[in-house]
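Hi,

Here is the structure I promised to pass on. Have a look at it first, and my notes follow underneath.

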Amino acid sequence: MPSGARIDPHWSYRGLPAVRMENRWMAVEVLPDTGAKIFRLIDKAADRNVLWENTRIPPHRAPVFASMDDHWSGGWDEIFPGGAPSTDRYGEATPYMGELWSAVGWQWRAEQRAGEVLLTCSVETPITPARYTRILRLSDDAPVLTSEIRLEHTGTRPFEYALGTHPSLAISPHHRFDVPGTDVEVDEFGGENRLGERGDRYLWPMLGLRDGTQLDVRRIQGPEIRSFALHYVTGLKAGWAACTDSSTRRGFGLVFDPDLFKVVWLWQVYGGWRGYYHAAMEAWTSWPGALADAVKAGRARVMEPGDVLETTVHAILYGGVNSVAGLRADGSVTADR
């Protein structure tokens, strides 16, 4: 089998166009006109899809303003212009988890170049006047999937927005999070409420629960606790987040610009929401989830007509460590001793 990067755009999955990108470290399956979703990301060394796949809801197209929760097939989605349902400054409603995942009219092309392959996906969002482009790049010589994001204001009046990248992860009690943050706030919560309650604040990683016990949030819990929560990790000292399986010493991480992505959202679903067991480790420009609330808190970003934002997120597969003290865009990892 050839070891260089390769791309095959001639696939389909349940009637949806699919593209497979591959090098010696990973195989990536993308649904390019369904939100440019990365449906699977296979770590070849572990023979494992690091992304959570919802076996109850297969990938499909959904209408604008559908609830993402009811249509979510797992994988890795991109979110713009906000998370929770909200209104913008002009009174326009913005959909739950943004406009990209349900937008129609995605355009895409696959390219094979010397030493690398590329998949370019772009769309104009239906409510917010913007063009979103995502270029996925895989090279011959690194365990790194590069996601290059370009956001262009195509309208006539300024707008606020939040931008998030949303990989949902397949987990086990052997997994742990590492994030170089300091301060955490709990937002959504439910089930048996063993992951904190809305408004709780703590210093990463130790959460003091209402019963007087301490919870190390780095350590992923089992589904038997029947709880879920969304935690916002801020005070980032560097732009990375990692999730490591200590049983195989293999992991998946994100490297991003911390001047843009100022918060890591940890969506922890440990048996307490719809019977699911997964987690999402998300780099976001702001918090909380509703755009109007982020505006009120002074954290939302603003685009003026003609503005262009460009940034790059690196998805890393790494091995040989039980926990992470540092992760870099070239794929190198520093163990936490």
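**Charged pairs, a serine and some rings**

Let me start with one pair: Glu-29 and Arg-20 meet through their side chains in a salt bridge, at 3.1 Å from N to O. Before going on, please keep in mind that this is a predicted model. Arg-20 counts as partly exposed, because its relative accessible area is 27% and the buried class stops under 20%.

That pair has company. Arg-20 and Glu-29 belong to a network of salt bridges that also takes in Arg-6, Glu-22, Arg-40, Lys-44 and Glu-53. Within that group, Glu-22 bridges to Arg-6, with 3.3 Å between the closest N and O atoms. The two come from distant parts of the chain, 16 residues apart: Glu-22 is in strand β2 (residues 16-22) and Arg-6 is in strand β1 (residues 6-13). Both Glu-22 and Arg-6 are buried.

How many salt bridges does the structure hold? The count is 28. Another one to look up is Arg-109 with Glu-111, where the closest N and O atoms are 3.4 Å apart.

Next, Ser-122, which you'll find in strand β10 (residues 116-124). Is Ser-122 buried or exposed? Its relative accessibility is 11%, so Ser-122 counts as buried, the cut-off being under 20%. The side chain of Ser-122 makes a polar contact of 3.2 Å with that of Arg-131. If you ignore neighbours within four places in sequence, the residues in contact with Ser-122 are Gly-105, Trp-106, Gln-107, Arg-131, Tyr-132 and Thr-133.

On to the rings. There are 14 aromatic pairs in the structure. Take Phe-228 and Trp-267: their ring centres are 5.6 Å apart and their planes sit at 65°, so this pair is edge-to-face. It links distant parts of the chain, with Phe-228 in strand β20 (residues 227-234) and Trp-267 in strand β23 (residues 263-270), 39 residues apart. Phe-228 and Trp-267 are both buried. Phe-256 and Phe-261 also pair edge-to-face, at 6.0 Å centre to centre and 80° between the planes, and both of these are buried too.

Phe-228 and Trp-267 are also part of one aromatic cluster, together with Trp-52, Trp-72, Trp-273 and Tyr-276.

Finally, two arginines over rings. Arg-157 has its charged end over the ring of Tyr-90, 3.8 Å from the centre. Arg-134 places its charged end over the ring of Trp-76, 5.0 Å from the centre.

Cheers

Methods. Residues numbered from 1 in each chain as written. Predicted model: local features only at pLDDT ≥ 70, side-chain atom pairs only at ≥ 80, totals over all residues. Heavy atoms only, no water. Salt bridge = Lys/Arg side-chain N within 4 Å of Asp/Glu carboxyl O. Helix = DSSP H or I, 4+ residues; strand = E, 2+ residues; numbered from the N terminus. Buried < 20%, exposed > 50% of the residue type's maximum accessible area, 1.4 Å probe, protein only. Polar contact = N/O pair within 3.5 Å; in protein donor to acceptor, adjacent residues only side chain to side chain. Contact = heavy atoms within 4.5 Å. Phe/Tyr/Trp six-rings, centres within 6.5 Å; stacked < 30°, edge-to-face > 60°. Lys NZ or Arg CZ within 6 Å of the ring centre and 35° of its normal.
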